[in-house]
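Let's take a walk through this protein together, one region at a time. Keep the viewer open, and pause wherever a side chain catches your eye.

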Amino acid sequence: MFSWDGFGQKHLDFIFTPLEEHKRITILSGAIRSGKTTAMIPKGIMQWLGTNTNPNLKKIPHKAIVGVSKDTVFENILVDWFDFFEETGIPYNYNSTNGTLKVQYNNEDWAVCKVIGAEKNGSERKIRGKTFGGAYIDELTLINKTFFKELLGRCSVQGSKLFATTNPDSPNHWVYTEYMNNNNDVEVYHFTIDDNNTLSDEYIDFIKRQYQGTFYARFIEGQWVI
């Protein structure tokens, strides 16, 4: 059952920021279990997926959901999205073979989303020639860099927004050096494990004791360190 109770103020600020006020690229970066992917459930469904950002288009432009593989997208994202659809009565259909998700809004408009795996070299061939009205990337640091560059160019519909979630990696990683560090086209939401109100104090105390040094800084505090 979907509930708003577990969201902290950082999550709510992100969720309720109007789509048009976000920069072209928004990255949710932070600790494990900090609620990044959960915050993308209402954001992705209620704003991003069903929004036509170009008033000159009659249909909602196609979007892309990207992960290491279609299976990881299904496990990390779609299972929770389907629960939300069923609880709220939003009609949807997912073809797991070709990775096409269709969601109906207002009993009239259908949003179409392509689910794509993009870990391997050459993954960019899957999207060449395509046009997207936005993208949502799961575990950004695990995505092939060439694919990401191709995807940016393919999100060419007016008002396109790219959202991504990620755990921290090395500060030398291309995600950090090219996009998170002093890029005016990118906004970053940073989360620590303490931002997730659904976790018990017992669990948080336990998991904090399991990490030290670099692991603590990354997994608990959400820092990009080596």
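Which are the buried residues of H2? They are Lys36, Ala39, Met40, Ile41, Pro42, Lys43, Gly44, Ile45, Gln47, Trp48 and Leu49. Before you go further, please keep in mind that this is a predicted model. Helix H2 spans residues 36-49, and it is mostly covered, with 11 of its 14 residues buried. Now follow its axis: at lysine 43 the helix bends by about 45 degrees. Lysine 43 is itself among the buried residues of H2.

Leaving H2, you come to the loop that leads to strand E2 (63-67), and proline 55 is found there. Is proline 55 buried or exposed? At 67% relative accessibility it counts as exposed, because the cut-off for that label is over 50%. For a sense of distance, try picking the C-alpha atoms of proline 55 and serine 96: they are 31 Å apart in space, with the two positions 41 residues apart in sequence.

Next, turn to the charges. On the surface, Asp80, Asp83, Glu86 and Glu87 gather in a patch of negative charge. One of them, aspartate 83, belongs to helix H3, which covers residues 70-88. The relative accessible area of aspartate 83 is 37%, so this residue is partly exposed.

Opposite charges also meet here, and the structure holds 6 salt bridges. One to look at links lysine 10 with aspartate 195, whose closest N and O atoms are 3.1 Å apart. Why does this pair tie together parts that are 185 residues apart in sequence? Lysine 10 sits in helix H1 (residues 9-15), whereas aspartate 195 sits in the loop between strand E8 (186-191) and helix H6 (201-209), so the bridge connects those two parts. As for their surroundings, lysine 10 is partly exposed at 36% relative accessibility, while aspartate 195, at 15%, is buried.

Another bridge joins the side chains of arginine 128 and glutamate 124, at 3.7 Å from N to O. Here arginine 128 is partly exposed, with 47% relative accessibility, and glutamate 124 is buried, with 10%.

Helix H4 (residues 145-154) offers a further example. The side chains of arginine 154 and glutamate 150 meet there in a salt bridge of 3.1 Å, N to O. These two residues are 4 apart in the helix, so about one helical turn separates them. Arginine 154 has a relative accessible area of 24% and is partly exposed. Salt bridges with shared partners also join Lys145, Lys149 and Glu178 into one network.

To finish, have a look at the backbone. Most residues other than glycine have a negative phi. Where does glutamate 139 lie? Its place is in the loop between strand E6 (134-137) and H4. Glutamate 139 is not a glycine, yet its phi is positive, at about 55 degrees. With 23% relative accessibility, glutamate 139 counts as partly exposed. Asparagine 182 also has a positive phi, near 65 degrees, and is likewise a residue other than glycine. You can find asparagine 182 in the loop between helix H5 (174-180) and E8. The relative accessible area of asparagine 182 is 73%, so this residue is exposed.

Terms used: Residues are numbered from 1 along each chain as its sequence is written. This is a predicted model: local features need pLDDT of at least 70, side-chain atom pairs count only at pLDDT 80 or more; totals for chains, interfaces and linings use all residues. Side-chain values use heavy atoms; hydrogens and water are left out. Patches are made of residues with over 30% relative accessible area and no salt bridge: like charges are joined within 9 Å, nonpolar side chains (Val, Leu, Ile, Met, Phe, Trp, Tyr) within 5 Å. Accessible areas come from the Shrake-Rupley method with a 1.4 Å probe; for residues, only the protein chains shown count as cover. A salt bridge is a side-chain nitrogen of Lys or Arg within 4 Å of a carboxyl oxygen of Asp or Glu. Lys and Arg count as positive and Asp and Glu as negative; His and the chain ends are not counted. The place of a charge is taken as NZ of Lys, CZ of Arg, CG of Asp or CD of Glu. Buried means under 20% relative accessible area, exposed over 50%, partly exposed in between (1.4 Å probe, protein chains only). The bend at a residue is the angle between axes fitted to the seven residues ending there and the seven starting there.
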